[in-house]
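Student: I have a new model open and would like to learn how to read it. Could you walk me through some features?

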Amino acid sequence: MMQSATRESTKAKGRKQKGVNAHEKSAYFFVSPFVIFFVLTIMIPIVISFAFSFMEIGYSFKFVGLKNYIDTFRDPLFLKSYGNILIIMVGSIPITMLLAVFFATLLNSPTLKGRGFFRTAYYIPTVTSTVAVASVFMTFFNPTGLFNGLLSSIGFDNVQWLTDPFWIRVSMIITMIWMNVGYNTVLFLAGLQGISTEVYESAEIDGASKLRQFFYLTIPMLKPVILMATVLATINGLGSFNIPNIFFGTSNGPENSALVVGVNLYKTSFEMVDFGKASAIAWTMVAISVILSALQFKFGGKQDE
């Protein structure tokens, strides 16, 4: 009897093991198309790009070691492009986050009528074509455009939005803020909806005003979402290309004030036909993105004691 029971138990375990193996095979079968697609379209190009950064690639292929990186950091246009994009990011990201938190708080109000309409309206710039947005804002920034018309109506002089280096950066900052506020508003709105109303009810019982609730409850509890949004905005900002390219094309604006890293990468690869140096520029973008993201997680991710 004992031997029979043991054999039955062994058979049951064998059948169970076969079932597990069948499920594992099915899982691998359904996952494999994505893995193959990921390897072919992302991993292999990444490896090739990294290898290209150590080669002279244009009309010939030749290993040159760190020459591309050395030439890149010696190039004044490369340094200028990073200076421009860092100025634009410092000018646009904080304002974008502040406006997004403000709008998300308004949209989260239970007393607001037509919340669905306003949520859609704020998100529209995110899904609008960048070409269309840049084209419209170029008309706004023209000497006789909307912005100068508004300034003239209140007694100010016209601003050279697209010809003065300082105002060129301001014009790109304004455009990027308009395009990105809606996306971050949706992120923060989702974060706000995850905060229990009991927290605010307890604060009201303790006599906290709406302003104190915003700064001492809402902002601290939104901190992980704000950190994530800031990191994403930093990564996207470093790769900015469409707006400066549409505004100024290959001219880069006066004093190269509109030249950003993405445009410099494009010009190096497709106009100068120097794919090795372009790959080196791309990998500096990766390195800077990692460094800035790490710093944001290190200092922004600290929990209050």
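Student: What covers the buried residues of H12?

Tutor: Happy to help, and keep in mind that this is a predicted model. To read cover, start with the residues that are hidden, then look at what touches them. In H12, which spans residues 261-271, the buried ones are Val261, Gly262, Val263, Asn264, Lys267, Thr268 and Ser269. Their cover includes helix H3 (76-107), helix H10 (223-238), helix H11 (242-248) and helix H13 (275-300).

Student: Why do residues three or four places apart point the same way in an α-helix?

Tutor: An α-helix has 3.6 residues a turn, so a step of three or four places brings you back to the same direction. In H12, Val263 and Lys267 are among the buried residues.

Student: Which residue takes a positive phi just after H12?

Tutor: That is Val273, with a phi of about 50°.

Student: Is Ala258 buried or exposed?

Tutor: Ala258 sits in the loop between H11 and H12. Its relative accessible area is 2%, and because buried means under 20%, Ala258 counts as buried. Ala258 touches Asn84, Ile168, Met172, Pro244, Phe248, Asn252 and Gly253, leaving aside residues up to four places away in sequence. The C-alpha atoms of Ala258 and Phe166 are 9.9 Å apart, though 92 residues separate the two along the chain.

Student: Which residues make the nonpolar surface patch?

Tutor: The patch covers about 990 Å², and its members include Val31, Phe34, Leu40, Met43 and Ile44. Ile44 belongs to helix H1, residues 2-52, and is partly exposed, with a relative accessible area of 37%.

Definitions and conventions. Residues are numbered from 1 along each chain as its sequence is written. This is a predicted model: local features need pLDDT of at least 70, side-chain atom pairs count only at pLDDT 80 or more; totals for chains, interfaces and linings use all residues. Side-chain values use heavy atoms; hydrogens and water are left out. Buried means under 20% relative accessible area, exposed over 50%, partly exposed in between (1.4 Å probe, protein chains only). Helices (H or I, at least four residues) and strands (E, at least two) are DSSP runs, numbered from the N terminus. Contact means heavy atoms within 4.5 Å. Patches are made of residues with over 30% relative accessible area and no salt bridge: like charges are joined within 9 Å, nonpolar side chains (Val, Leu, Ile, Met, Phe, Trp, Tyr) within 5 Å. Accessible areas come from the Shrake-Rupley method with a 1.4 Å probe; for residues, only the protein chains shown count as cover. A salt bridge is a side-chain nitrogen of Lys or Arg within 4 Å of a carboxyl oxygen of Asp or Glu.
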